[in-house]
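Colleague: Please pick one part of this model and give me a close look at it. Then connect it to the rest.

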Amino acid sequence: MRDRWLKWWLGYVVLAIRGRYLERFLNQIVRQGVFVWDVRITGERQARLAVLVRDVRRLRSARRPLGIRARIVAKRGWPFWRYRLARRKGFVTGLLFFVVLLYGLSQMVWHVEVVGNERLRDEEVRRVAEELGIKRGQWRAHMKELDELQRQLLSRLPDVAWVGIEMKGTRVRITVVEQVKPEEKPAQGPSHLVAAKRGMVHRLIVERGRPLVRPNEWVAPGQVLVSG
């Protein structure tokens with residue numbers, strides 16, 4: 001893997017060679033220190049091989065005396081990419097601008113979602129959230145920590161028992177758990193205190209109302225003990 005990346009970085013070419021003394025030519029360039037790989041015999045007195053760009057000139061002195069002809073089949077690696085990019089400056093500039101713009105847009109909040117609320121309106125939650133900086137077009141880096149935002153949002157929504165804020169990419173989800181209030185019973189007027197079963201009254205402590213029985217008196221189920 002390391003050698004492959006090094007070859008790509010230095011740049012290399014694939015050559016198609018032909019001639020009568022191919023084996024002698026290959027042995028000679030290897031002895032000269034030329035790094036050769038991917039050698040393939042493609043036909044009679046024909047072969048393909050790959051060499052680094054820096055070694056191409058060294059092949060000329062070895063192939064001419066032997067009558068070897070060489071033709072470049074492919075050019076690969078960073079030097080050739082760099083040359084192509086230099087010829088397309090406008091395209092490269094536009095591509096870099098698009099990448100920077102796309103990255104910048106990905107660092108902003110583009111959607112705020114409110115879930116879990118039933119009685120509380122979405123608009124009310126979003127209004128309070130915007131005051132804390134949770135809104136469309138806000139840079140994520142300029143927002144406070146989520147724990148602090150949850151605490152402040154909870155303190156400004158009195159009818160909410162818990163608030164959770166989750167951030168996924170450019171989306172912010174606010175989960176609201178509303179308080180469960182006890183059911184209010186209608187006020188009742190004065191009423192009688194009635195015996196539930198048969199028994200004896202030991203003593204009476206009546207703050208309001210009129211007692212209708214006395215201590216040590218037997219009472220029956222349904223009998224009014226104190227009049228309201």
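Modeller: I start with a sheet, follow one of its residues to the salt bridges, and end with the nonpolar cores and a loop. This is a predicted model: local features need pLDDT of at least 70, side-chain atom pairs count only at pLDDT 80 or more, and totals for chains, interfaces and linings use all residues. Residues are numbered from 1 along each chain as its sequence is written, and side-chain values use heavy atoms, without hydrogens or water.

The sheet is open and has 4 strands in the order β2-β3-β1-β4, with antiparallel pairing. Its edge strands are β2 (36-43) and β4 (69-76), and each pairs on one side only. From one strand to the next, the twist averages 25°. Strands here are DSSP E runs of at least two residues, and helices are H or I runs of at least four, numbered from the N terminus. Two strands pair if DSSP finds at least two bridges between them. Strand β1 (residues 12-18) and β4 run antiparallel and are joined by 7 bridges. Within that pairing, alanine 16 has arginine 71 of β4 as its bridge partner. Helix α3 (residues 56-63) packs on the sheet and touches β1, β3 (46-52) and β4. The direction of α3 makes about 140° with that of β3. Axes are lines fitted to C-alpha atoms, for helices over the stretch in contact, and angles run from 0 to 180 degrees between N-to-C directions. Contact means heavy atoms within 4.5 Å.

Now look along the edge strand β2. Aspartate 38 lies in this strand. Its phi is near 55°, a positive value in a residue other than glycine. Most residues other than glycine have a negative phi. Aspartate 38 is partly exposed, at 44% relative accessible area. Buried means under 20%, exposed over 50%, and partly exposed in between (1.4 Å probe, protein chains only).

The side chain of aspartate 38 meets that of arginine 40 in a salt bridge, N to O at 3.0 Å. Arginine 40 is exposed, with a relative accessible area of 52%. A salt bridge puts a side-chain nitrogen of Lys or Arg within 4 Å of a carboxyl oxygen of Asp or Glu. The structure holds 10 of them.

Another of these bridges joins glutamate 113 and arginine 173, with the closest N and O atoms 3.4 Å apart. This pair links distant parts of the chain, 60 residues apart: glutamate 113 in β5 (residues 111-115) and arginine 173 in β7 (residues 171-178). Arginine 173 is partly exposed, at 36%.

Strands β5 and β7 also feed the largest nonpolar core, each giving two or more residues. That core has 19 residues. Val125, Ile134 and Leu153 are among those with the most contacts inside it. A nonpolar core is a set of buried Ala, Val, Leu, Ile, Met, Phe, Trp, Tyr and Cys residues joined through side-chain atoms within 4.5 Å. Isoleucine 134 touches residues including Val112, Met143, Ile165 and Ile174, not counting those up to four places away in sequence. A second, separate core has 17 residues, among them Val13, Ile17, Leu22 and Ile29.

Last comes the loop. Asparagine 216 sits between β10 (210-211) and β11 (218-219). Its phi is near 65°, again positive in a residue other than glycine. Asparagine 216 is exposed, at 58% relative accessibility.
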